[in-house]
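Me: I'm new to this one and would like to go through it step by step. Could you walk me through it while I ask short questions?

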Amino acid sequence: MMNSLHCIPLRALLAFAVLGFSAPASAIDLLELPAVQSGAASRALLLDITSLGEESLAAVGTYGVIIVSGDGGSSWDQASVPASVTLTGVHFPTAEKGWAVGHDGLILHSADGGKTWQKQLDGHQLNEQIMAVAERIVEQVRGELEALQAQEDADEYDVEDAEFMLEEAEFMLEGALDDTSAGPVRPLLDVWFRNENEGFAVGSYGMLLHTINGGQDWELVSDRMDNAEAFHLNQIVPAPDGALFIAGEAGFVYRSSDGGQTWDSLEPGYEGSFYGIVVAPNGAAGYELLAYGLRGNLFSSNDRGESWNPVESGTAVTLMSGALLNDGTVYLAGQGGNIMTRPSGENAFRAANNPDRRPISGIEQLATGEVMLVGLGGVRKTDQNGEPLASANEQQ
Amino acid sequence: MSEHPIQEGLKDAMGQWDHAFYESESFVERFIYNNRLWVLLAFLLITVYLVSAAIKVRPDASFEKMVPIKHPYIAAYLERKDELTGLGNAVRISIENTEGDIFTEEYMETLRQISDEVFFIPGVQRSGVKSLWTPNVRWGEVTEEGFTGGAVVPDDYDGSEASLAQVRANIMKSGQVGNLVANDFRSTIILAPLMETHPETGEPLNFGSISLQLEELVRDQYQNDKIQVHMTGFAKVMGDLIEGAGQVAMFFLIAIGITLSLFYIYSRCLRSSVTVVVCSVIAVAWQVGLLKVLGYGLDPYSMLIPFLVFAIGVSHGVQMINTIMHAKSEGRDNRQAARFAFRSLYIPGLTALISDGIGFATLMVIQIQVIHDLAIAASVGVLVVILTNLVLLPVIMSYICVSPIAIRRMKKFENSGAYHHLCEFSTIYTRPAVARTLVILAGAAFVFGIWYGQDLKIGDLDAGAPELRADSRYNLDNRFIVDNYTASTDVFVVMVQTPDMECVTYDAYSAVDLFEWVMADVPGVQATFSLVGASKRAIAGNNEGSPKWATVTRNQWVLNGSVSGKDMPPGLMNAACNLVPVLIFLEDHKADTLKNVTAAVERFNEGFDTGEIKFVMAAGNSGIDAATNDVVSQAQYKMLAWVYGVVALLVLLAFRSPRTVLCIILPLALTSVLGQALMTYLGIGVKVATLPVIALGVGIGVDYGIYIFSRLETYLYRGLNLHDAYFETLKTTGKAVSFTGLTLAIGVATWVWSPIKFQGDMGLMLTFMFVMNMFGALILLPALVHFLIPVEKYRKHEVDADRLALETGHKGA
């Protein structure tokens, strides 16, 4: 990890040389500036929260803020983080090892329960991979075309098709060049690790990253998906049967039944964005998928995403985050501080009486049953029905 | 009682005086008393002219006069002032429904009417007016197709339940809850930004008239049981100050009444009482008229100077009448008595008044225009008193003179046993044991004052508009808005300067974003607001409202897009795109809070290399407060050094003895130190309003010392011992000094009831200082003389003859 950290300037220079692009270094480069230690960290705009097991929590947000709590959210310590970009997702497959992702293509890793973090990947390296993938596709298509042309009995139409494909690929390469010349601009939006070795990160413009060695190498595998329009991928969640689901922009849901090697595109029948999916138990072996998103839209599937039905969420406000609580309650929250809950065994969602109108973007349940929320204004707590509880933050 | 041995010696002295009377008249004196009618005529003409000027004086209050324009913060602000639009100078009018929430047809209709009234007030920047009814207050939401939005009150609004429900829904999507709409939905705000100049006349906007129009057109017309109006803003503060300052005229009348009655009780002579008061009023009229002629207005700070001029006039008038009465009682005719008084008082009077004037003038070292103006007003006033009460008063008295009954009464009183005993008792301060005790006590009080005064705070300590009282209508309105809305009224603005056309770049954005984050951790900072924050929200909005996208980006296209939407609030950057104001909302404007902020900005500038992006302090009301505090805290000791330096020098010139300087200055220093301790105890901070108080106190306090010491010295020259000399001093001057102290104190004590808090503070402090100075001169001074002045020296006449002439009023001519 330290290794890759040292490589950054060299690699960045290389990338600029390759792209023929050399911007003067910014006076303040948030990707390079270590996060400022701040007493306001637990009041920052926080975007995701995760449990480290027991009473331990970690939450990430703007200005490179990562805060960890060992006492169920009563007190928080700010971690040492080598960058100041907005962090969007965090996940700890074990109590010690965790990963966080964020803007400028940043992936961070901690091996000490979230106290200190190191850079594993950033947008400069990601841009190289984007270019490499685009170039690889061009080469591949050109190879196919040349092979076709070499054949004496080549079908005329096949050759035309191949020529067209090459044009497309070259066009795509140009586009990639344009995009990456703006520098490391693409945000990653969520991260999930199956165990301490294998994990996925998803992000904007259809980015899907995969590692099998704890993040020492991250591979850009966006082309495993059929996402030609490069829609954003907002969240990745596992299902009890080992399937993986990704909630995406423009009403797309993606499913992998083989551990992330291949992905199917599912269309629940809605054109707005899905910000996430709650997987709720349904019967003995089955599960219900609840995809939530823009303007309170909620779609349900009981057959692994094959067919979907719209569900009344009880709100017209965008739902940004969701969680399944220990007792089977589905807990959804979003903009305007709206909290909708559906207790286990019931069909209807009901609105919690929450006077706090600040948007909520992350949910994690504590062992006590209390629910920890993060969003604008930092951390706060509710009970299982979404009724607010005084949190340590407000008591200050 | 005339058997007292000293009296005999005195009579001899008086005989010598008489003998020298006609030989010793100066040119000035001869000129004045040979042309008495012409002098009166000249005074009459000047008075007519200056009164006609004085009645044209209007209260004014301008922003730039109240700030230290040379302070780097203010200089930086004034340089960019025109580009920092939409900062600050707006009026917020909150319309409250006392019987429920705002979603009633009646309320909405009233709001519409008031909104229209405000819109048409000249000086209101109409395009910037915001209320639920203005089309620039919009709601917006992200849908599958992108942004949609509209005016909060829809075009088809008809007051029906359905329409009101629509308004409620739109408000929820407008982001205005806490801003234009109260958190409890029982009131809404009409925001009216003001222009710099009046649109028709082109003159600077008159805040007093704006404030008055708001009162008449909004509060008087619409406020009733159901509708309550709350108004805040700089223009309202100024308007209320001007209005409150107008009430000061009433206090002035009260002060005149009290003085007149006290003077009558003191002198038992109506003629001379009225003459002294009239002369002092003429001094005030001249002072105000001269200010107008010199091009100054009367701001709420210098509005107190007329009181001071009046009080000083009376105090010197007392000395004059006192001397005339004594002269008359010794058998001189009217004209001789007046001339005698003039002759014996114009040197010490001139010394005292000139040291007052110069003492006040030292206030000019403070680079704040209102204090400058106050210094000029006070100096002009003191100079005027020289003419009216040292020249005009005895001339008038030479015609009318004091009534014979009054003189008989005075003689009876001064020869009465009670008065004699009082004076005799007061001489105990010259006894060694008492003097020692007094000096030790004074030393202890001095040390205590210094120790206690260490906690003296700089700046304003109270919430709201500290110029006004906590329970004033303005501050109640302000509290209503603070309680029911989210936005704070204390704003510190940092001006971020970028290269031209580079305010919307990653370099600028990353630096500003980091800066805002650093400031969020500063104690007392509630929130920050800037172009970058608004851009981040717009970027999130362009990404379907997802907060995960609410961040700065290197993508120039995205940045450009984020600032081009019509929901971008105005005033977040300038036209040349090289200036981005960062608004820092504070919990209060206490000096410590402001210091935290300025220190944090300085730390940021030192700690982070932001390249060409410069973070420059400061604008906004709190920025100005911070600069003012800075200037005031530096000026505090500088001013004291100047005042004491100048006064000490003048006293040294007059008495030519450093020991005398100590005798006169030390009681004043004790008063200054105890004054600071009192300010600490009362929770009054050192600010523009209270800073001049100590200088004024010293300037006027030195009079007592000069009068007492010069008289004491006269008797010492005649060979009396300290006890006897002080006894005689008390008998002749002590009464006048006590009376003066009381008159001055009462004149300023009436300010305590002023609706303007800082006038009240000034009044309280000045009352304390005048009384303390009086006691200092009467009690501590003789004790100090006991220790510091080698009395034997006087007996041996080892002092030069000029001094004697000076002190007795005999000019060598």
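Me: What share of the contacts in chain A with a separation of 6 or more comes from residues 24 or more positions apart?

Reply: The share is 49% in chain A, counting contacts with a separation of 6 or more. Please keep in mind that this is a predicted model. For chain B, residues 24 or more positions apart account for 80% of the contacts counted in that way.

Me: OK, and how many helices and strands are there in chain A?

Reply: Chain A has four helices and 28 strands, while chain B has 27 helices and nine strands.

Me: What box do the C-alpha atoms of chain A fill?

Reply: Taken along the principal axes, the C-alpha atoms of chain A fill a box of roughly 75 × 50 × 35 Å, and those of chain B fill one of roughly 110 × 55 × 45 Å. For chain A the radius of gyration is 22 Å, which agrees with the value near 21 Å that a compact globule of 396 residues would have.

Me: And how much of each chain is buried?

Reply: In chain A, buried residues make up 47% of the 396 residues, and in chain B they make up 52% of the 813 residues.

Me: Switching topic: how many residues of each chain are in contact with the other chain?

Reply: On the chain A side there are 33 residues, and they are in contact with 27 residues of chain B. The side of chain A that touches chain B has 16 nonpolar, 14 polar and three charged residues.

Me: Which domains does the assignment give for chain A?

Reply: The assignment gives domain 1, made of 41-123 + 188-395, and domain 2, which is 138-183. The C-alpha centres of these two domains of chain A lie 38 Å apart.

Me: How far does helix 2 of chain A reach?

Reply: Helix 2 of chain A, residues 123-150, has 28 residues and reaches 40 Å from its first C-alpha to its last, close to the 40 Å expected at 1.5 Å a residue. Its buried residues include A:G123, A:H124, A:I130, A:A134, A:V141 and A:L145.

Me: How does helix 17 of chain B compare with its expected span?

Reply: Helix 17 of chain B covers residues 506-520, and its 15 residues should span 21 Å at 1.5 Å a residue, which agrees with the 21 Å between its end C-alpha atoms. Helix 17 of chain B is also mostly covered, since 15 of its 15 residues are buried.

Me: Now the sheet with strands 25 to 28 in chain A: in what order do the strands come?

Reply: The four strands of chain A form an open sheet in the order 25-26-27-28, and the pairing is antiparallel. Strand 25 (360-365) and strand 28 (388-389) of chain A stand at the edges with a single partner strand each, so one side of each has no neighbour in the sheet.

Me: How many bridges join strand 25 to strand 26 there?

Reply: Five bridges join strand 25 of chain A to strand 26 of chain A, residues 371-375, and the two strands run antiparallel. A:Q365 stands opposite A:V371, which is in strand 26 of chain A.

Me: What about B:K130, is that buried or exposed?

Reply: B:K130 counts as buried, because it has 20 C-beta neighbours inside 10 Å. B:K130 is found in the loop between helix 5 (105-119) and strand 2 (138-143) of chain B. Leaving out residues up to four places away in sequence, B:K130 touches B:N136, B:V137, B:L180 and B:L191. Of these, B:L180 is 50 residues from B:K130 in sequence, yet the two are 8.1 Å apart in space, C-alpha to C-alpha.

Me: Which residues have a positive phi without being glycine?

Reply: Among them are A:R304, with a phi of about 55 degrees, and B:M501, with a phi near 60 degrees. Most residues other than glycine have a negative phi. A:R304 is found in the loop between strand 19 (298-301) and strand 20 (309-310) of chain A, and A:R304 is partly exposed, with 17 other C-beta atoms within 10 Å. B:M501 lies in the loop between strand 6 (490-497) and helix 17 of chain B, and B:M501 counts as exposed, with 10 C-beta neighbours inside 10 Å.

Me: Last one: where is the cis peptide bond in chain B that involves B:A618?

Reply: The cis bond runs from B:M617 to B:A618, with omega near -5 degrees, and B:A618 is found in strand 9 of chain B, residues 614-619.

Notes:
Residues numbered from 1 in each chain as written. Chains lettered and ligands numbered in written order. Predicted model: local features only at pLDDT ≥ 70, side-chain atom pairs only at ≥ 80, totals over all residues. Contact = placed C-beta atoms within 7 Å. Nonpolar A, V, L, I, M, F, W, Y, C, P; charged D, E, K, R; others polar. Pairing = 2+ DSSP bridges. Buried ≥ 20, exposed ≤ 12 C-beta atoms within 10 Å, placed from the backbone. Domains from an automatic or database assignment. Expected span 1.5 Å × (residues − 1). Rg over C-alpha atoms; globule rule 2.2 N^0.38 Å.
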